[in-house]
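Take a look at the aromatic side chains in this model. How do their rings sit against one another, and which parts of the chain do they join?

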Amino acid sequence: MDRVAKLASKNAVVIFSKSSCCMCHSIKRLFYEQGVSPAIYELDEESRGKEMEWALMRLGCNPPVPAVFIGGKFVGSANTIMTLQLNGSLKKLLKEAGAIWL
């Protein structure tokens, strides 16, 4: 859990993902299209990926990927991120975290 929290606090936007996950790809693409350069941790390529996956599940992220942190805080998974995008709240969170300026 400490490793996930430490990594999540290093960048304005952090995404825990798996390279084979289509929803992860969609969420990463959404952030790139907004002009955000998130830190991405592919759990299937990390030596301690399984441990981080369990930590994400303990945080309430089920399924554990994609897990998105903005401003060091756990925001949610794909469903939550898409809801925030559709209702216009995502851009505000990104501005507050310093991930985008406009």
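What follows is a walk through the ring pairs of this predicted model.

The structure contains three aromatic pairs. Start with F16 and Y41. Their ring centres lie 5.5 Å apart, and the planes differ by 25 degrees. Stacked pairs have planes under 30 degrees apart, so this pair counts as stacked. The contact links distant parts of the chain. F16 belongs to strand 1 (residues 13–17), while Y41 belongs to strand 2 (residues 39–42). The two residues are 25 apart in sequence.

Are these two residues buried or exposed? F16 is buried, with a relative accessible area of 0%. Y41 is buried too, at 16%. The cut-off for buried is under 20%, so Y41 meets it.

Now stay with F16 and turn to F69. The ring centres of F16 and F69 are 5.6 Å apart. Their planes stand at 80 degrees, so the pair is edge-to-face; the cut-off for that class is over 60 degrees. F16 sits in strand 1 and F69 in strand 3 (residues 67–70), so this pair ties together parts 53 residues apart in sequence. F69 has a relative accessibility of 4%, so F69 counts as buried.

Finally, put the pairs together. Which residues do the ring pairs link into a cluster? The members are F16, Y41, F69 and F74. F16 takes part in the stacked pair with Y41 and in the edge-to-face pair with F69.

Technical notes. Residues numbered from 1 in each chain as written. Predicted model: local features only at pLDDT ≥ 70, side-chain atom pairs only at ≥ 80, totals over all residues. Heavy atoms only, no water. Phe/Tyr/Trp six-rings, centres within 6.5 Å; stacked < 30°, edge-to-face > 60°. Helix = DSSP H or I, 4+ residues; strand = E, 2+ residues; numbered from the N terminus. Buried < 20%, exposed > 50% of the residue type's maximum accessible area, 1.4 Å probe, protein only.
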